[in-house]
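User: Could you walk me through this fold, one question at a time?

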Amino acid sequence: MKSLKDLTRPNIWALEPYSSARDEYSGKQATVFLDANENPYNTPINRYPDPRQTVLKQAIGKIKGINPDNLFLGNGSDEAIDIVYRAFCEPTVDNVVAIEPTYGMYSVCAAVNNVEYRRVMLDSSFNFNAQSMLDAADSHTKMMWLCSPNNPTGNVMNREEIAKLVTSFDGLVMLDEAYNDFSGYHSFIHELDKYPNLIVLQTFSKAMGCAAIRLGMAFASKDIIDIMSKIKYPYNVNQLTQNEALKMLERYYEVEEWVKNIIAARGTLMKDFAALPVTVKVYHTNANFFLAKMTDANNIYNYLVDHGIIIRNRSNVTLCDQCFRVTVGSIHENNALIEALKAYKA
């Protein structure tokens, strides 16, 4: 791995981050707050939130079994995705390499930050090859992007290939584990000491059922987390989000039950979906969704919309021609989808 200084944009390395009023407050038992120009009325939401999210990070660290110093919290995982571009990639100079197809925000954030985005195709089984990604890199490649389980294909990436990429590449490897709770595989967050150039993304949106609060997590070495924290907005995670996340962590035992229920429902839904006359193939998945190839995706999609049922038509995505991405929902939602498709007539 190159030194973190060499990987970081020079202006970011030299940046003195904005110091908010609550950053400067040492945290002793204060009862009078006259430091941040806040309105004294409308308690408690009149106060700015903790910019370091200290209590929440400690709670997440306890659940995840990691040191809070290795954790960045953002406004969804999308904030972390954008921040790593801003921190490490020089616009018009540097580039990144990513598997294709995958989550679209990696390329969107590259475009927003004016960074070249190099795509390396998955094979016909939606697997990736580390050497192919390394071959696509040059001296200006700062990051590699992986998603496992991948979106929209649903499959986990080979762990040996992931390890090969991380150990062979001298830049940063971004591993998005948004759907890992449904996979049955151990997270790479417990291997950060082994892989100092690895950044792992997770989220409160999927297994924890908290998409509305917009809370994403990035796990990495303390040095990388410190760089990301330098350039985040001072109060990037609002207090309402922090409060709801803490409540969810107190009910974490429910999350484990939800995951078991979703995995069981996934098996039933995929079996029923595969039996439909309009289904060509249902692909293996390790996520809370699956990819399915259809006989006529566009017409079937429009039919479902007319019946108030929304799935994701991925026909315009590389390697996904005529494919739907179907999320596993409640028993009622899953049954409604199957019954509607049974009634479809070409």
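Here is a short conversation about the sheets, helices and cores.

User: Happy to start with the ground rules: what kind of model is this, and which pLDDT do local features need?

Analyst: Residues are numbered from 1 along each chain as its sequence is written, and side-chain values use heavy atoms, leaving out hydrogens and water. This is a predicted model in which side-chain atom pairs count only at pLDDT 80 or more, totals for chains, interfaces and linings use all residues, and local features need pLDDT of at least 70.

User: Great. In what order do the 7 strands of the open sheet with mixed pairing run?

Analyst: Strands (E, at least two residues) and helices (H or I, at least four) are DSSP runs, numbered from the N terminus. Two strands pair if DSSP finds at least two bridges between them. On that basis the 7 strands form an open, mixed sheet in the order β1-β7-β6-β5-β4-β2-β3.

User: Which strands stand at the edges of that sheet, each with a single partner strand?

Analyst: An edge strand has one side left without a neighbour in the sheet, because it has a single partner strand. Here that applies to β1 (71-74) and β3 (116-121).

User: Inside the sheet, which residue of β6 is the bridge partner of Leu175?

Analyst: Strands β5 (residues 172-176) and β6 (residues 198-203) pair in the parallel sense over 4 bridges. Leu175 has as its bridge partner in β6 Val200.

User: How do the axes of α5 and α9 cross: roughly parallel or roughly perpendicular?

Analyst: Axes are lines fitted to C-alpha atoms, for helices over the stretch in contact, and angles run from 0 to 180 degrees between N-to-C directions. The two axes come within 9 Å and cross at roughly 95°. Angles under 35 degrees count as roughly parallel, over 145 as roughly antiparallel, 65 to 115 as roughly perpendicular and the rest as oblique. Therefore α5 is, relative to α9, roughly perpendicular.

User: And which residues of α9 meet α5?

Analyst: Contact means heavy atoms within 4.5 Å. From α5, the residues involved are Ala80, Ile83, Val84, Arg86, Ala87 and Phe88. Their counterparts in α9 are Ile224, Ile227, Met228 and Ile231.

User: How many of the 13 residues of α5 are buried?

Analyst: Buried means under 20% relative accessible area, exposed over 50%, partly exposed in between (1.4 Å probe, protein chains only). Helix α5 (residues 76-88) is mostly covered, with Ile81, Tyr85 and Phe88 among its buried residues. The buried count is 11.

User: Is Leu56 buried or exposed?

Analyst: Leu56 lies in helix α4 (residues 54-64). Leaving aside neighbours within four places in sequence, Leu56 is in contact with residues including Leu73, Leu215 and Leu249. Its relative accessibility is 1%, so Leu56 counts as buried.

User: Turning to the sheet of 4 strands, which residue of β11 stands opposite Phe289?

Analyst: That open sheet is antiparallel, in the order β8-β9-β11-β10. Strand β9 (residues 289-294) pairs with β11 (residues 323-327) over 5 bridges. Opposite Phe289 stands Thr327.

User: Last one: which helix gives the largest share of the largest nonpolar core?

Analyst: A nonpolar core is a set of buried Ala, Val, Leu, Ile, Met, Phe, Trp, Tyr and Cys residues joined through side-chain atoms within 4.5 Å. The largest has 55 residues, and Phe128, Met133, Leu146, Leu165, Leu198 and Phe204 touch the most other members. The largest share, 4 residues (159-168 is the helix's range), comes from α8.
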